[in-house]
Every structure is written in C-alpha cells, then in structure tokens.
Amino acid sequence: MATRDLLGRADELAAIQRMIGRARDGRSGALVLGGEPGAGKTALLARAVADAGDACVLHVSGVEAEADLSYSALHLLLSPVLAGGTVLPEPQRVALRTAFGLQSGPTPDRFLVSLAALTALAELATAQPVVCVIDDAQWLDTESADVLAFVARRIRTERIAMLFAVRENDHPARAFDGLDRLAVGGLPPEAVRQLLTTRAGTAVSDRVANLLLAGTDANPLALIELARELTAAQLSGAAPLPDPLPVGRRLEQIYQRRLRALPAATRTLLLVAASDPSGDAGLLRRAAERLGSSLAAAGPAESGHLLTLGPRLEFRHPVIRSAVYHGAPVAERRLAHEALAAVDDNADRRAWHRAAAAVGPDEELASELEQSAGRAGARGGYASRATLLSRAVELTEDRSRRPYRLLAAAQAHLGASDPAAADVLIGQALPDLLAAPDRAEGLRVQARIRFAQGRLPEAFALIMEVARTLLDHDKRAARDALFEAFEVAAWTSRQATLAAATEARRWPAIQPAEMTPADLLVDAFTARFLDGHQSAFPRYRAAIAAHLDGAPDLRGFNLASLAALEMWDVDALLALTTAWVDLARARGTVNALARALRIRALLELVRGDYISADEFNGAAAELSQFGHRPGVELLLSVTGPEDLARSTAERRIRQAAAQHEGPYGALTSELALCMLDVSLGNYATALAHGLRVLAEETVGPLYASNLPEVIEAAHRVGDESTAEAALRQLAAMASASGTPTARGLLARCRALVATEDEAEQHYRSAVALLETSPARPALARAHLMYGEWLRRRRRRREARQQLRTAYVMFEGMGAAIYARRARRELAAAGETVVGGSTERGTLTPQELEVARLAAGGAPNRDIAAQLFISPSTVEYHLRKVFRKLDVTSRAQLHAQLPSG
C-alpha cells in the first residue's frame, strides 16, 4: 500500500506527525501502531519517513525467520549510528559489540546493551532529531524487542521519536505493553469506495463495495489485492463475486495463487529468500544457483510487486514471505535450507539451516547446535540459545546425552523468561538424571522454574530436596542450596522458613572461621525462628557487617536487607541498599537492581520520603516489567487518595490468590489496608487486616511494621488481650534491636495502653527517641497521638502544639491521609488550618545523584553512563535541580547540597 493511498487515515497521520513534531521540540516519545495484517501500518510508517524532513530516520523491519537470531534487528537499526563514529562509554561499547558478535568478551547483560542503545541514539539526536521506525515489531528477536522497549520507556528529552508497528492477535508483542498505542483498523466506508475505484480503474457498484467492505473488515491490503483479482464485471456487479471471498485470514492464499503463476525458477528464488534471515543478495544468489535458479529469475516477482532486489532482497509485505514459505512443500523447504547451509560462511546460521533441513537424529549436528547456542549465550542471546538447544535435543542420537541437553535447554528457556517451556523440558530430563549431583541440579532448575511461575511452596520444597541431596556429596554446594532455600522461604511463608531453620539446625556445625556471609545469614535466620529475636538480632548485625565488608555478594543483599528491616535499623538498611544498587549497576544485573530498588522504596517509606519511594518503585517496575508497581499499595495507604489506595490493595489481594503467590503478594496489601484503616479510624476493619498479617509472622518489614498498627487498632476497639500480646512481641523485638526507631515505636505503643499516670511519660519518651531516628513518619505519628491524648484531656494549648507539629510534618512529607486527620484534630482543639500543600522543593533521588556528580565536576556524558540515563536526561534533571535550589551554575551546587 503506497503512501499516496492513505485514504481515511487523517487521524492516524496526525498522531504520528504530532509525535515527530514533539521530538523536534525536544520531547521524545514512542507510539505503537497495532492492527491486523494489511491494515496499512507499513504505509503509515512510510508516510512518517517521507514527512520526517531534516530528521535522521533509522528503519528496521522484523522478519519471522530472524526471530531466533539474537540482536539481529537491533544491529541493523544501529548500524548507521555506529558507522558514524559514535563514541560510547567503554562498558557499553564492549557490551554492544559483544552482543553483535563483533568482538569476544564476557556475556553482555541485556541492561548494558539497552543502555548502549539509548546512549547511541541520544548522542545522534544531539545533532538532529531522530525517528526510529520499527515495522513488524512482533517478529523482532526477543533481545532486540526488549532493548528497544527499554529505550522507548527511557527517552524523555532526547529529540527521539520511536514508531513501532505490530501485528495484533496472532503475534502479540508483549515487550511493548504499556507504551502509547494507536489502533489501525479498517477504513471508513467512503474511503473503501474511493480506494476500490482508484485501484480497479473501473466503476465499482455500491452493492459490491458494501460486500467487499463487510468481507474484508475494510482491510486496505485485502481491498487492494481484491481490486486486482476481481474482474470488471464482478466489480460492477454484472458477475457474481467468489464465495467466500479469499480475504482476511486467507490473505496468504491470494499470494499463493499469484506465486503458482510464476516460473519455477522464480518460485525457487523466492523460497530461498523466504528461508533465509539475512536477505543478503550475494548469499541468496549462491544458494539459488545450487537449486538451478538465479537472481535473474527475480524479474517476474519484481514486476508482480512481490519483492524488491538490491543489496538485500526484500519482500514487499511480510504476508508474501509467509505465503512463499508455508505454501511450499516441506521437502522443498528442506532443500532450500540445505542450499543455504552449503554457501553460508557464518557458522551459526549454517548450523541453523542444517537443523531446519534435518529429517532425523544427527549427533554431529546436535553438537554443532550446542556450540552455536554457547556462542549465542555469550552474546547475551538468551532466546536464540534456548531455541538452538531445544533443536539440539530433537536431533540427539546419543540417548546418554539427551537428559543433559534437556537440562541445558530448560536452563536456557528459564534464562529467556520462558518458564513454561523450561518446565516441559525439565520434566523430560529429570527421570534420566540418576546421579545425585545431576539430579540435584535438575531439581534446582525446577525450583527456579516454580519460583518464576509464582508457585512458591513447590519451589521451596524442591530446593530443600536439593540441599538434602547434596549434603552427602558436596557440603559447600549443599550449604549454598540451603541459603537459596532460606531466600525462597522468606517469600513463601513462616512455615517454610521454620522448616528451613529446623533443617539447618540438624546439619553439622561450621567452624566460625569457615563461615561465609551467606552462612552467617542462614545462622541468623535459623536463630530467629528457633531461638527468638534476642538470639537472632546480634547475628543479624554480624551477618550484615560481614556482607558489607570486602566484596559483597549480590545474593546476600536480599536476606540482609530483610534482617535490617526487621530490626528497624534504618542506617544499616541505607548502607545495604546503597551498596546493593551500586553493585547491581556496576555489574549491569537488571534483576538484582530491580529488587534492590524495591527494597530501597521500602526504606524511603520508613524515612517518609514518599516522592523518592514512588520513584524507586517506578524504576523497579520499569526494569523488571512487573504488571504492577510492587509495594505501591503501602505508599498509597499514607498518601492517598483513599479510594485508589483501597482498590489497588484489594485488586492485588485477588491477583495474589489467583496466582498462588506467597505472603508478600496478599499480605503486603493486607498491611496497606490495615495502615489505611487505622489512619481513617476504621479500627475494627483495620484489626481484621492486621491479624491476617500477624498470623503469618513473615520475616522482614511486614510483621515488624504491622505490630504497631495492630496494637493501636486492637486498643481502640477494646480488644486489650490482642493489644497486649502484640505489645509483648514488639517489646521483645525492640529490646533486641535497641535502635531509636524500635525503642520509640515501643514507647508510643506503650503510651496507648498505659494508665493515665504513665501514658504521658511514654509519649514524651517516644517523641524524644524518634527525634533521633530517621523514621520521620513514626515521629509524626507520635506527635499526633500525643496531641490527640492531650486534647481528650482538655489540655488544648499543649495539644495544639503537638498536633501542629504533626500536621506540618505530614503535610511536608505528602502523607495526605494523616495530614487530614491531624488537621481535623487541630480544628477540634480550636485551631483552623488554611490551605496546605504537599509541594516540596527537595530533590528526588535521581536529581540528587545528578547534582552530586555535577558538583564534583563530572560532565553530562559521564553522569549519564554512571546513572544509566542519557545525557539529555541529565540536562533535564539539572535544569530542575537549578530551579529547586535557586542556583545558576554547577559551581554553586556543592554549597547547596546536603552533606553525606
């Protein structure tokens, strides 16, 4: 469909032109055009290219045959940029070149490759606007799709417009979920009539036009092809139309009829081209000649508008490629792949073609595919590695090697985020993995699959079996598996952690000098569940200190952070999360970074920096592509609005139940609802939610944060036995912890249940202790509750002082729900608050990092590389920093930034 035929597409064209216009103005964006095959997405993109003016246009099309070749589409898209001499930071340059197979090196993390792509495009956009056009994105290789989706979500001020076209329904492109979408549907009736008349060159009756409109769902490509296929008599209504019309899902049939009319040599050339992912004309010529054809045979296909021939042979529409390949007999497809394998110098593509041509087991070819899979994995091509290893399994002749190839393929599919395929493969492998270490490795993979599927109890049971299996064969590997079991248990249930602790206590003791930081964490959590907090918390501190000393292990940060949260040790948690984020960034480990950012968001909730908590939550969700923002319900429970906070938490509880998640699915939301209802004074409802959290006794923030809420809710409804029981638990933990935060929370809760004579001293103690703590919301709550207590005793002047302090703190933090409660209490105490705003001039964590690096003299390019953003995003943040701090130059920043 040529650009001149864009009838009835004014709205779609306007949306695309707005996107490109915003890029010229320095406001980047991405737009996904979705529609059925033949809807005109390619034509809209072609018009976008034609209208791009002075912009640099980068174009790539996904090809179905290339979908298993990692980074192939990204390489094609960025080739013009890299050829222009773009200079990338060294880690990004190495990652990108390694991913493209241009040099050898460590396996590149996809996160670093994504950052390299973002940096390269941002650098190009400093000279002129950039328009990236990605057609048939549903057929991009997995790695390229993930990288381009990452870039699309990160661009902001880089003068970049990204336009994706995806085929809907049959080939969902999940990587682009969440980006702005533009539905490209059927044409309006008037445009259908005009298109048919123009294309047919003859009159089209209204009745026929209506029949074709209904029979094609107004699909432009189907209408164009039918206008070519139908006779003048059929179009005018003088002759009947074919019944049924060969359109819609039968678009390929239209091309297959046209293909059958071509000379045999032309059909052979087309089949060779459809079978090859490169489109390289020289390669296709050599392969075609082996089958008795040549490039000269392309003439009839070119004149028939099926393909164009240049340095690359390209089909005019993806449906044509599908029709050519799937319409050919299987035997002819194998011959085409054999010919391509014989002339291709690329070892990996040669093996791929040979595998496509194979008709039975072939041990030599299976080994060759294993080697290709290894090279793909070294380039970060996880999806390609998984596909190649799966095909190697199918071709395996040596039955003794089959279970190990199945195991490797399962690991590869899990690494490629396809746990369903991995599950099938590991199920086939396990019965034949007989040696204990081999079976243990198979069970470990199966445990990780179950964890990825959200089937946490099964994952825990499997990893515990691994630990027991290895104990008699490799004690170090067994203890590593036991540590992994504790990590799974922490997200599963109290019963799981108790079972892991009981198992650990039965194992032979380790000499202190031989204990690793992971062993110290296992020892600490074992003591937590078998001996109590007094025994556990000193071990927590030793494990945290050992983990932070020297070179910390990414694996241990999760449990160490949960330990710090449970002790209300805000300083330790700050040190842990800072080191965790820095190490994950340095290693380019995106999953670890996402989890670190989630825990950092919890820390910011404790500290009352709700803007930062939201930013960290959003960054974690973006990196891990969660369907939701983990922990956002806790944030909403204090910032509001109430209806959104409640609906979000209730929805997550339903999702957690449907997906059989562990406690951190539903119980996080139960805690959020408890906190929300306490703040609103709905104490009976709050207690019901809180007791569900209390019953589970999970490790980390849920149980510890829930205790003060349960004490307040139970006391307010007169359930003193529950309040006293929860207070005893809190007292035991606070005594073992000894941090100002823990002791201040204990004093605040004791004031609630104390006698009239003792309550005030506890409130004063709570305020004094929490004033030395970084936990500002806890301090604000102490002022609020003390003020409420004073007002009810008619000490209104003193009450106003406490309530005013609470109100100012809540308002400054953005804790809107508690600010309203403090405001109502102030009014009851005789003071009216006018206005109120939660706007703050403080810097967000990203802005603070940018400002500190800029104050130290780092140029924008170096700041961008260190923080994994683009230079123009650095400039965007600096403009906001200058405005917030009221400075005009970098030289003034140092004096304005907070110390530390």
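**Salt bridges: worked exercises**

With a relative accessible area of 35%, R401 is partly exposed (buried is under 20%, exposed over 50% and partly exposed in between, using a 1.4 Å probe and protein chains only). This is a predicted model, where local features need pLDDT of at least 70 and side-chain atom pairs pLDDT 80 or more, while totals for chains, interfaces and linings use all residues. Residues are numbered from 1 along each chain as its sequence is written, and side-chain values use heavy atoms, leaving out hydrogens and water.

**Exercise 1.** Find which residue R401 meets in a salt bridge, and place both partners in the chain.

*Solution.*
- Step 1: R401 pairs with E370 at 3.6 Å, N to O. A salt bridge here is a side-chain nitrogen of Lys or Arg within 4 Å of a carboxyl oxygen of Asp or Glu.
- Step 2: E370 sits in helix α18 (residues 363–378), and R401 in the loop between α19 (382–395) and α20 (402–415), 31 residues apart. Helices are DSSP runs (H or I, at least four residues), numbered from the N terminus.
- Step 3: E370 is partly exposed because its relative accessibility is 25%.

**Exercise 2.** Is E484 buried or exposed, and which residue does E484 bridge to?

*Solution.*
- Step 1: R448 and E484 join their side chains in a salt bridge of 3.0 Å, N to O.
- Step 2: The pair links helix α22 (residues 436–452), home of R448, to helix α24 (residues 475–490), home of E484; the two are 36 residues apart.
- Step 3: E484 is buried at 13%, whereas R448, at 38%, is partly exposed.

**Exercise 3.** Work out how many salt bridges the structure holds.

*Solution.* The structure holds 46.
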